[in-house]
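User: I should like to learn how to read the enclosed spaces of a protein model. Please guide me through them in order.

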Amino acid sequence: MRKYMSKSKKKIESSRRGFIRNSVLGGLAALVGRSEAAENSVNALKVPSWSKELGAGVISNPYGKPSLFEKHVVRRFLPWMLPIRETSVSFSPIQEQHGIITPNGLFFERHHGGVPQIEPREHKLVIHGMVDKPLMLTVKELMRFPCVSRVHFIECAGNGILEQRSAQLNRLQFTHGMISSAEWTGVRLKVLLNEVGIHKDAKWLLAEGADAAGLARSFPMDKALDDAIVVFAQNGEMLRPEQGYPLRLVLPGWEGISNVKWLRRIEVGERPWEMREETATYTDLLPSGKARQFTFIQEAKSVITSPCPEHPVLYKGRQVIKGLAWSGEGKVVRVDVSFDGGKNWQQAKIVGPQFDKSLTRFEIDWHWNGKQALLQSRVVDETGYVQPSLKQLLSLRGTSYMYHNNSIQTWMVHPSGEVENVQVG
Ligand SMILES: Nc1nc2c(c(=O)[nH]1)N[C@H]1C(S)=C(S)[C@@H](COP(=O)(O)O)O[C@H]1N2
Ligand SMILES: [Mo]
(Lines give C-alpha, C1' and ligand atoms only; values in the text may rest on other atoms or scores of the structure.)
(Ligands and ions follow the chains in the order given, each with its own letter.)
Protein backbone atom coordinates (compact mmCIF):
# COMPACT_ATOMS: atom_id res chain seq x y z
CA MET A 1 0.00 0.00 0.00
CA ARG A 2 2.59 2.53 1.09
CA LYS A 3 4.54 1.94 -2.05
CA TYR A 4 1.84 3.84 -3.87
CA MET A 5 1.40 6.83 -1.57
CA SER A 6 2.81 10.01 -3.05
CA LYS A 7 3.65 12.25 -0.10
CA SER A 8 5.07 10.73 3.10
CA LYS A 9 6.80 7.38 3.59
CA LYS A 10 10.11 8.88 2.57
CA LYS A 11 12.17 5.70 2.76
CA ILE A 12 10.22 3.57 0.36
CA GLU A 13 9.60 6.58 -1.84
CA SER A 14 13.20 7.58 -2.13
CA SER A 15 14.35 4.09 -3.03
CA ARG A 16 11.61 3.88 -5.65
CA ARG A 17 12.58 7.29 -6.98
CA GLY A 18 16.19 6.29 -7.04
CA PHE A 19 15.25 3.31 -9.15
CA ILE A 20 13.24 5.35 -11.60
CA ARG A 21 15.86 8.08 -11.75
CA ASN A 22 18.62 5.59 -12.49
CA SER A 23 16.70 3.97 -15.27
CA VAL A 24 15.66 7.35 -16.66
CA LEU A 25 19.20 8.67 -16.61
CA GLY A 26 20.44 5.41 -18.07
CA GLY A 27 18.06 5.95 -20.97
CA LEU A 28 19.20 9.52 -21.54
CA ALA A 29 22.87 8.57 -21.36
CA ALA A 30 22.41 5.87 -23.97
CA LEU A 31 20.93 8.42 -26.30
CA VAL A 32 23.60 10.99 -25.73
CA GLY A 33 26.65 8.71 -25.75
CA ARG A 34 27.54 8.36 -29.45
CA SER A 35 29.77 5.29 -29.26
CA GLU A 36 27.21 3.45 -27.18
CA ALA A 37 24.56 4.28 -29.77
CA ALA A 38 26.75 2.95 -32.55
CA GLU A 39 27.39 -0.26 -30.62
CA ASN A 40 23.64 -0.67 -30.11
CA SER A 41 22.95 -0.45 -33.81
CA VAL A 42 25.56 -3.13 -34.53
CA ASN A 43 23.93 -5.36 -31.90
CA ALA A 44 20.59 -4.83 -33.57
CA LEU A 45 21.95 -6.43 -36.74
CA LYS A 46 22.89 -9.69 -34.96
CA VAL A 47 20.44 -12.53 -35.41
CA PRO A 48 18.68 -13.15 -32.08
CA SER A 49 18.10 -16.68 -30.74
CA TRP A 50 14.39 -16.64 -31.56
CA SER A 51 15.18 -16.17 -35.24
CA LYS A 52 17.32 -19.32 -35.33
CA GLU A 53 14.87 -21.96 -34.21
CA LEU A 54 11.22 -22.82 -34.71
CA GLY A 55 8.72 -21.16 -32.44
CA ALA A 56 5.72 -22.74 -30.72
CA GLY A 57 3.11 -24.49 -32.83
CA VAL A 58 -0.55 -23.60 -33.22
CA ILE A 59 -2.80 -24.12 -30.20
CA SER A 60 0.10 -24.10 -27.78
CA ASN A 61 -2.39 -21.79 -26.11
CA PRO A 62 -5.94 -22.86 -27.07
CA TYR A 63 -7.19 -19.61 -25.56
CA GLY A 64 -4.43 -17.11 -26.29
CA LYS A 65 -2.53 -15.18 -23.65
CA PRO A 66 -0.47 -11.97 -23.75
CA SER A 67 3.30 -12.20 -24.25
CA LEU A 68 5.37 -13.43 -21.30
CA PHE A 69 6.91 -9.98 -21.23
CA GLU A 70 3.61 -8.25 -20.48
CA LYS A 71 3.06 -9.91 -17.10
CA HIS A 72 3.02 -6.57 -15.31
CA VAL A 73 -0.12 -5.54 -17.23
CA VAL A 74 -2.77 -6.82 -14.82
CA ARG A 75 -5.66 -5.60 -12.70
CA ARG A 76 -4.60 -4.64 -9.21
CA PHE A 77 -6.36 -3.94 -5.94
CA LEU A 78 -5.63 -1.99 -2.77
CA PRO A 79 -6.16 -4.34 0.19
CA TRP A 80 -6.42 -1.46 2.68
CA MET A 81 -9.18 0.27 0.70
CA LEU A 82 -11.88 -2.42 0.57
CA PRO A 83 -10.21 -5.50 2.06
CA ILE A 84 -13.00 -8.03 1.48
CA ARG A 85 -12.46 -9.08 -2.11
CA GLU A 86 -16.07 -10.12 -2.67
CA THR A 87 -17.17 -6.51 -2.12
CA SER A 88 -14.13 -4.78 -3.46
CA VAL A 89 -12.83 -3.15 -6.61
CA SER A 90 -9.92 -3.94 -8.91
CA PHE A 91 -8.30 -1.27 -11.06
CA SER A 92 -7.67 -1.56 -14.77
CA PRO A 93 -4.08 -0.80 -15.90
CA ILE A 94 -5.11 2.14 -18.08
CA GLN A 95 -1.52 3.34 -18.14
CA GLU A 96 -0.95 0.37 -20.48
CA GLN A 97 -4.11 0.78 -22.55
CA HIS A 98 -3.45 1.39 -26.22
CA GLY A 99 -6.55 2.53 -28.03
CA ILE A 100 -10.09 2.83 -26.76
CA ILE A 101 -10.95 -0.81 -25.98
CA THR A 102 -10.06 -2.49 -22.70
CA PRO A 103 -9.03 -6.13 -23.22
CA ASN A 104 -11.55 -8.35 -21.43
CA GLY A 105 -9.01 -9.72 -18.96
CA LEU A 106 -8.14 -6.19 -17.86
CA PHE A 107 -11.64 -4.76 -17.40
CA PHE A 108 -11.92 -3.24 -13.91
CA GLU A 109 -14.15 -5.10 -11.44
CA ARG A 110 -16.55 -3.84 -8.82
CA HIS A 111 -18.59 -6.45 -6.99
CA HIS A 112 -20.92 -6.22 -4.00
CA GLY A 113 -21.42 -9.94 -3.49
CA GLY A 114 -18.65 -11.65 -5.44
CA VAL A 115 -18.77 -13.13 -8.95
CA PRO A 116 -21.41 -15.84 -9.36
CA GLN A 117 -20.71 -18.71 -11.79
CA ILE A 118 -24.00 -18.82 -13.64
CA GLU A 119 -24.99 -21.81 -15.76
CA PRO A 120 -26.43 -20.00 -18.81
CA ARG A 121 -29.10 -22.62 -19.56
CA GLU A 122 -30.52 -22.13 -16.10
CA HIS A 123 -30.44 -18.35 -16.24
CA LYS A 124 -33.57 -16.42 -17.19
CA LEU A 125 -34.41 -12.78 -17.66
CA VAL A 126 -37.92 -11.79 -16.59
CA ILE A 127 -39.56 -8.56 -17.72
CA HIS A 128 -42.75 -7.83 -15.79
CA GLY A 129 -44.76 -5.21 -13.87
CA MET A 130 -46.80 -2.62 -15.77
CA VAL A 131 -46.72 -4.53 -19.04
CA ASP A 132 -49.35 -6.25 -21.23
CA LYS A 133 -47.57 -9.61 -21.50
CA PRO A 134 -44.70 -10.39 -19.14
CA LEU A 135 -41.75 -12.11 -20.76
CA MET A 136 -39.29 -14.76 -19.60
CA LEU A 137 -36.23 -15.25 -21.79
CA THR A 138 -33.26 -17.58 -21.77
CA VAL A 139 -29.99 -16.25 -23.19
CA LYS A 140 -30.56 -18.17 -26.43
CA GLU A 141 -34.05 -16.74 -26.75
CA LEU A 142 -32.75 -13.23 -26.22
CA MET A 143 -30.21 -13.78 -28.99
CA ARG A 144 -33.04 -14.32 -31.48
CA PHE A 145 -33.85 -10.60 -31.38
CA PRO A 146 -32.04 -8.11 -33.62
CA CYS A 147 -28.78 -7.00 -31.98
CA VAL A 148 -26.58 -3.93 -31.87
CA SER A 149 -22.85 -3.59 -31.11
CA ARG A 150 -21.80 -0.37 -29.41
CA VAL A 151 -18.56 0.89 -27.88
CA HIS A 152 -19.12 2.42 -24.43
CA PHE A 153 -17.12 3.01 -21.27
CA ILE A 154 -18.23 1.98 -17.79
CA GLU A 155 -16.87 4.07 -14.91
CA CYS A 156 -17.52 3.54 -11.21
CA ALA A 157 -18.74 6.67 -9.43
CA GLY A 158 -15.92 5.98 -6.97
CA ASN A 159 -13.18 6.52 -9.55
CA GLY A 160 -10.80 9.10 -8.04
CA ILE A 161 -12.46 8.80 -4.65
CA LEU A 162 -9.22 9.04 -2.65
CA GLU A 163 -7.94 12.11 -4.47
CA GLN A 164 -10.42 14.65 -3.17
CA ARG A 165 -8.36 16.42 -0.49
CA SER A 166 -4.82 15.75 -1.57
CA ALA A 167 -2.87 13.71 -4.08
CA GLN A 168 -2.77 10.25 -2.53
CA LEU A 169 -1.94 7.51 -4.95
CA ASN A 170 1.13 7.86 -7.07
CA ARG A 171 -0.10 5.52 -9.79
CA LEU A 172 -2.43 6.25 -12.72
CA GLN A 173 -3.83 2.74 -12.33
CA PHE A 174 -5.17 3.70 -8.89
CA THR A 175 -6.18 7.32 -9.50
CA HIS A 176 -8.20 6.54 -12.67
CA GLY A 177 -8.39 2.76 -13.11
CA MET A 178 -12.08 2.30 -12.21
CA ILE A 179 -12.96 2.83 -15.85
CA SER A 180 -12.89 0.44 -18.79
CA SER A 181 -14.39 0.31 -22.23
CA ALA A 182 -15.71 -2.41 -24.51
CA GLU A 183 -17.73 -3.11 -27.61
CA TRP A 184 -20.96 -4.47 -26.15
CA THR A 185 -23.32 -6.64 -28.18
CA GLY A 186 -26.92 -7.22 -27.22
CA VAL A 187 -30.56 -6.30 -27.71
CA ARG A 188 -31.81 -2.78 -27.22
CA LEU A 189 -34.07 -2.62 -24.18
CA LYS A 190 -36.53 -0.64 -26.30
CA VAL A 191 -37.03 -3.70 -28.52
CA LEU A 192 -37.84 -5.88 -25.49
CA LEU A 193 -40.20 -3.27 -24.01
CA ASN A 194 -42.01 -3.15 -27.34
CA GLU A 195 -42.42 -6.89 -27.12
CA VAL A 196 -44.01 -6.82 -23.64
CA GLY A 197 -46.07 -3.65 -24.27
CA ILE A 198 -45.60 -1.07 -21.52
CA HIS A 199 -48.54 0.66 -19.86
CA LYS A 200 -48.87 4.34 -20.59
CA ASP A 201 -48.30 5.42 -16.95
CA ALA A 202 -45.10 3.41 -16.68
CA LYS A 203 -42.25 5.83 -16.01
CA TRP A 204 -39.56 3.85 -14.16
CA LEU A 205 -37.83 0.50 -14.32
CA LEU A 206 -35.94 -1.64 -11.85
CA ALA A 207 -33.04 -3.83 -12.94
CA GLU A 208 -31.95 -6.63 -10.61
CA GLY A 209 -28.89 -8.87 -10.62
CA ALA A 210 -28.67 -12.58 -9.78
CA ASP A 211 -25.56 -12.20 -7.59
CA ALA A 212 -25.55 -12.70 -3.83
CA ALA A 213 -25.92 -8.90 -3.45
CA GLY A 214 -29.09 -8.97 -5.55
CA LEU A 215 -28.02 -5.54 -6.64
CA ALA A 216 -31.02 -3.59 -7.92
CA ARG A 217 -31.23 -0.17 -9.47
CA SER A 218 -34.09 2.11 -10.59
CA PHE A 219 -33.81 4.07 -13.81
CA PRO A 220 -36.24 6.22 -15.79
CA MET A 221 -38.18 5.12 -18.89
CA ASP A 222 -36.52 7.76 -21.10
CA LYS A 223 -33.15 6.05 -20.72
CA ALA A 224 -34.71 2.61 -21.33
CA LEU A 225 -36.21 3.81 -24.61
CA ASP A 226 -33.10 5.74 -25.60
CA ASP A 227 -29.84 3.76 -25.64
CA ALA A 228 -30.12 1.06 -22.93
CA ILE A 229 -28.94 -2.40 -24.06
CA VAL A 230 -29.27 -5.87 -22.56
CA VAL A 231 -25.88 -7.28 -23.54
CA PHE A 232 -24.53 -10.83 -23.70
CA ALA A 233 -21.17 -10.14 -25.38
CA GLN A 234 -18.11 -8.01 -24.74
CA ASN A 235 -15.41 -7.40 -27.34
CA GLY A 236 -16.55 -10.22 -29.57
CA GLU A 237 -16.97 -13.00 -27.01
CA MET A 238 -19.56 -13.83 -24.40
CA LEU A 239 -19.38 -11.58 -21.32
CA ARG A 240 -16.70 -12.46 -18.78
CA PRO A 241 -18.08 -13.75 -15.44
CA GLU A 242 -16.65 -10.60 -13.80
CA GLN A 243 -18.64 -8.41 -16.20
CA GLY A 244 -22.00 -10.12 -15.68
CA TYR A 245 -22.08 -13.40 -17.63
CA PRO A 246 -24.46 -14.28 -19.14
CA LEU A 247 -26.51 -11.03 -19.23
CA ARG A 248 -25.89 -7.44 -18.25
CA LEU A 249 -27.71 -4.14 -18.54
CA VAL A 250 -25.67 -1.34 -20.12
CA LEU A 251 -26.90 2.22 -19.58
CA PRO A 252 -24.34 4.09 -21.68
CA GLY A 253 -22.59 6.99 -19.91
CA TRP A 254 -24.35 6.40 -16.59
CA GLU A 255 -22.54 5.68 -13.35
CA GLY A 256 -21.14 2.17 -13.04
CA ILE A 257 -23.68 0.91 -10.54
CA SER A 258 -26.59 1.34 -12.97
CA ASN A 259 -25.01 -1.19 -15.34
CA VAL A 260 -26.50 -4.18 -13.52
CA LYS A 261 -24.53 -7.39 -14.00
CA TRP A 262 -25.92 -10.95 -13.99
CA LEU A 263 -29.23 -9.34 -14.97
CA ARG A 264 -32.23 -11.50 -14.09
CA ARG A 265 -35.20 -9.16 -13.74
CA ILE A 266 -36.56 -5.92 -15.12
CA GLU A 267 -39.68 -4.58 -13.49
CA VAL A 268 -41.71 -1.78 -15.07
CA GLY A 269 -43.46 0.65 -12.72
CA GLU A 270 -44.63 4.17 -12.00
CA ARG A 271 -41.95 5.48 -9.65
CA PRO A 272 -38.43 4.62 -8.43
CA TRP A 273 -38.06 1.75 -5.97
CA GLU A 274 -36.60 2.18 -2.50
CA MET A 275 -32.87 1.53 -2.47
CA ARG A 276 -31.94 -1.68 -0.71
CA GLU A 277 -29.78 -1.18 2.34
CA GLU A 278 -27.08 -3.55 1.20
CA THR A 279 -26.60 -1.76 -2.08
CA ALA A 280 -24.03 1.03 -2.19
CA THR A 281 -25.60 4.27 -3.38
CA TYR A 282 -22.76 6.65 -4.25
CA THR A 283 -24.65 9.55 -2.67
CA ASP A 284 -23.00 12.99 -2.61
CA LEU A 285 -23.82 15.28 0.33
CA LEU A 286 -23.88 18.91 -0.92
CA PRO A 287 -22.88 22.09 1.00
CA SER A 288 -26.58 23.03 1.32
CA GLY A 289 -27.18 19.87 3.34
CA LYS A 290 -29.13 18.34 0.46
CA ALA A 291 -27.89 15.09 -1.02
CA ARG A 292 -27.62 13.94 -4.60
CA GLN A 293 -28.84 10.39 -4.04
CA PHE A 294 -28.94 9.30 -7.65
CA THR A 295 -26.36 10.68 -9.97
CA PHE A 296 -26.97 9.19 -13.34
CA ILE A 297 -24.46 10.72 -15.69
CA GLN A 298 -20.70 10.36 -15.46
CA GLU A 299 -19.65 13.86 -16.48
CA ALA A 300 -16.79 14.57 -18.86
CA LYS A 301 -13.30 13.65 -17.67
CA SER A 302 -9.84 13.15 -19.15
CA VAL A 303 -6.36 12.11 -18.08
CA ILE A 304 -2.89 12.00 -19.58
CA THR A 305 -1.83 8.35 -19.72
CA SER A 306 1.70 8.94 -21.03
CA PRO A 307 3.67 10.27 -19.30
CA CYS A 308 2.26 9.35 -15.90
CA PRO A 309 3.81 8.03 -12.66
CA GLU A 310 4.23 4.57 -14.22
CA HIS A 311 5.76 6.05 -17.37
CA PRO A 312 8.45 8.62 -16.58
CA VAL A 313 9.68 10.92 -19.34
CA LEU A 314 12.64 9.18 -20.95
CA TYR A 315 13.81 11.74 -23.50
CA LYS A 316 14.48 15.41 -23.68
CA GLY A 317 13.21 17.14 -26.78
CA ARG A 318 10.46 16.05 -29.07
CA GLN A 319 7.78 13.61 -27.90
CA VAL A 320 4.07 12.98 -27.89
CA ILE A 321 1.78 13.26 -24.90
CA LYS A 322 -1.10 10.77 -25.00
CA GLY A 323 -4.30 10.48 -23.07
CA LEU A 324 -7.91 9.40 -22.81
CA ALA A 325 -11.05 11.53 -22.55
CA TRP A 326 -14.70 10.57 -22.16
CA SER A 327 -18.15 11.95 -21.41
CA GLY A 328 -21.35 10.30 -20.24
CA GLU A 329 -23.31 12.91 -22.18
CA GLY A 330 -22.10 12.06 -25.66
CA LYS A 331 -19.04 12.77 -27.77
CA VAL A 332 -15.81 14.42 -26.77
CA VAL A 333 -15.37 17.49 -29.00
CA ARG A 334 -12.18 19.02 -27.70
CA VAL A 335 -9.26 18.33 -25.38
CA ASP A 336 -6.77 20.98 -24.27
CA VAL A 337 -3.45 20.30 -22.61
CA SER A 338 -1.48 22.56 -20.27
CA PHE A 339 2.24 22.24 -19.57
CA ASP A 340 2.28 24.83 -16.79
CA GLY A 341 -0.43 23.73 -14.37
CA GLY A 342 -3.37 25.36 -16.13
CA LYS A 343 -2.04 28.84 -16.95
CA ASN A 344 -1.83 28.25 -20.69
CA TRP A 345 -3.68 25.71 -22.79
CA GLN A 346 -3.11 24.20 -26.23
CA GLN A 347 -5.59 22.20 -28.23
CA ALA A 348 -4.73 18.50 -28.55
CA LYS A 349 -5.53 16.30 -31.53
CA ILE A 350 -8.40 13.84 -31.16
CA VAL A 351 -7.31 10.51 -32.59
CA GLY A 352 -10.14 8.31 -33.89
CA PRO A 353 -12.10 6.13 -33.93
CA GLN A 354 -14.56 8.05 -31.84
CA PHE A 355 -17.95 7.03 -30.47
CA ASP A 356 -20.68 8.38 -28.25
CA LYS A 357 -20.08 7.86 -24.50
CA SER A 358 -16.86 6.01 -25.12
CA LEU A 359 -13.18 6.50 -24.40
CA THR A 360 -11.55 8.85 -26.89
CA ARG A 361 -7.84 9.11 -27.53
CA PHE A 362 -5.96 12.39 -27.75
CA GLU A 363 -2.35 13.37 -28.48
CA ILE A 364 -0.28 16.51 -28.49
CA ASP A 365 3.35 17.20 -29.40
CA TRP A 366 5.66 18.34 -26.65
CA HIS A 367 9.21 19.56 -26.66
CA TRP A 368 10.57 18.89 -23.17
CA ASN A 369 13.38 21.21 -22.12
CA GLY A 370 14.27 19.06 -19.11
CA LYS A 371 12.76 21.47 -16.60
CA GLN A 372 9.93 20.83 -14.17
CA ALA A 373 6.52 20.84 -15.87
CA LEU A 374 2.92 20.50 -14.68
CA LEU A 375 0.89 18.52 -17.20
CA GLN A 376 -2.90 18.68 -17.28
CA SER A 377 -5.67 17.80 -19.72
CA ARG A 378 -9.16 19.28 -19.91
CA VAL A 379 -12.01 17.91 -22.00
CA VAL A 380 -15.05 19.63 -23.49
CA ASP A 381 -18.00 17.47 -24.57
CA GLU A 382 -20.70 18.04 -27.17
CA THR A 383 -23.03 19.70 -24.64
CA GLY A 384 -20.33 22.38 -24.06
CA TYR A 385 -19.55 21.02 -20.58
CA VAL A 386 -15.95 21.75 -19.58
CA GLN A 387 -14.08 19.42 -17.20
CA PRO A 388 -13.64 21.32 -13.90
CA SER A 389 -10.54 21.85 -11.81
CA LEU A 390 -10.63 20.21 -8.38
CA LYS A 391 -11.16 23.66 -6.85
CA GLN A 392 -14.18 24.35 -9.08
CA LEU A 393 -15.62 20.94 -8.32
CA LEU A 394 -15.20 21.34 -4.57
CA SER A 395 -16.84 24.77 -4.67
CA LEU A 396 -19.89 23.17 -6.32
CA ARG A 397 -20.07 20.09 -4.14
CA GLY A 398 -18.46 21.14 -0.86
CA THR A 399 -15.89 19.28 1.15
CA SER A 400 -17.98 16.26 2.11
CA TYR A 401 -18.15 15.43 -1.57
CA MET A 402 -16.45 12.14 -2.34
CA TYR A 403 -17.90 10.38 -5.36
CA HIS A 404 -18.05 11.57 -8.98
CA ASN A 405 -14.62 13.15 -8.98
CA ASN A 406 -14.14 14.20 -12.61
CA SER A 407 -11.64 16.96 -11.87
CA ILE A 408 -8.53 17.79 -13.88
CA GLN A 409 -5.49 15.64 -13.03
CA THR A 410 -2.04 17.19 -12.64
CA TRP A 411 1.21 15.30 -13.27
CA MET A 412 4.41 16.98 -12.15
CA VAL A 413 7.35 16.11 -14.38
CA HIS A 414 10.59 16.43 -12.41
CA PRO A 415 13.89 17.31 -14.11
CA SER A 416 14.86 13.63 -13.59
CA GLY A 417 11.95 12.63 -15.82
CA GLU A 418 10.04 11.15 -12.91
CA VAL A 419 6.31 11.91 -12.90
CA GLU A 420 4.38 12.57 -9.70
CA ASN A 421 0.68 12.91 -8.86
CA VAL A 422 0.22 16.42 -7.42
CA GLN A 423 -2.57 18.92 -6.87
CA VAL A 424 -2.15 22.59 -7.80
CA GLY A 425 -4.19 25.74 -7.20
N1 LIG B 1 -25.45 -7.35 -10.01
C2 LIG B 1 -24.49 -6.44 -9.81
N3 LIG B 1 -24.31 -5.48 -10.72
C4 LIG B 1 -23.34 -4.54 -10.56
C5 LIG B 1 -22.53 -4.54 -9.40
C6 LIG B 1 -22.73 -5.58 -8.45
O7 LIG B 1 -22.05 -5.68 -7.43
N8 LIG B 1 -23.72 -6.51 -8.69
N9 LIG B 1 -21.61 -3.52 -9.21
C10 LIG B 1 -21.92 -2.27 -9.91
C11 LIG B 1 -20.88 -1.26 -9.82
S12 LIG B 1 -20.83 -0.32 -8.41
C13 LIG B 1 -20.08 -0.97 -10.89
S14 LIG B 1 -18.97 0.31 -10.82
C15 LIG B 1 -20.11 -1.79 -12.12
C16 LIG B 1 -18.74 -2.38 -12.36
O17 LIG B 1 -18.73 -3.11 -13.54
P18 LIG B 1 -17.51 -4.08 -13.88
O19 LIG B 1 -17.26 -4.95 -12.67
O20 LIG B 1 -17.90 -4.83 -15.10
O21 LIG B 1 -16.33 -3.18 -14.12
O22 LIG B 1 -21.06 -2.83 -12.06
C23 LIG B 1 -22.25 -2.52 -11.37
N24 LIG B 1 -23.19 -3.60 -11.51
MO1 LIG C 1 -19.49 1.49 -8.78
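Analyst: The following turns treat cavities and the ligand. This is a predicted model, in which local features need pLDDT of at least 70, side-chain atom pairs count only at pLDDT 80 or more, and totals for chains, interfaces and linings use all residues. Residues are numbered from 1 along each chain as its sequence is written, chains are lettered from A and ligands numbered from 1 in the order in which they are written, and side-chain values use heavy atoms, with hydrogens and water left out.

User: How many cavities of 30 Å³ or more are there?

Analyst: Rolling a probe the size of a water molecule over the atoms shows where empty space is left. A cavity is a set of points, on a 1 Å grid over the protein atoms alone, where a 1.4 Å probe fits but cannot get out; lining residues have an atom within 4 Å of a point. Grid points are joined across faces, edges and corners, and a volume is the space filled by probe spheres set on the points. Here the count is three cavities of 30 Å³ or more. The largest cavity has a volume of about 240 Å³, and R110, R248, G256, N259 and K261 lie nearest its centre among its 20 lining residues.

User: Where does ligand 1 sit?

Analyst: A molecule sits in a cavity if more than half of its atoms lie within 2 Å of its grid points. Ligand 1 sits in the largest cavity.

User: Which residues are closest to ligand 1?

Analyst: A residue is near a molecule if one of its heavy atoms lies within 4 Å of it. Ligand 1 is surrounded by 20 residues, the closest being F108, H112, D211, R248 and K261. An oxygen atom of ligand 1 is 2.6 Å from a polar backbone atom of F108, and another pair places a polar side-chain atom of R248 2.8 Å from an oxygen atom of ligand 1.

User: What lines the second largest cavity?

Analyst: The second largest cavity holds about 60 Å³ of space. Its lining includes E155, C156, H404 and N405.

Key. Polar contact = N/O pair within 3.5 Å; in protein donor to acceptor, adjacent residues only side chain to side chain. 1 Å grid on protein atoms, 1.4 Å probe; cavity = no way out; pocket = protein on both sides within 12 Å on 5 of 7 lines; lining within 4 Å.
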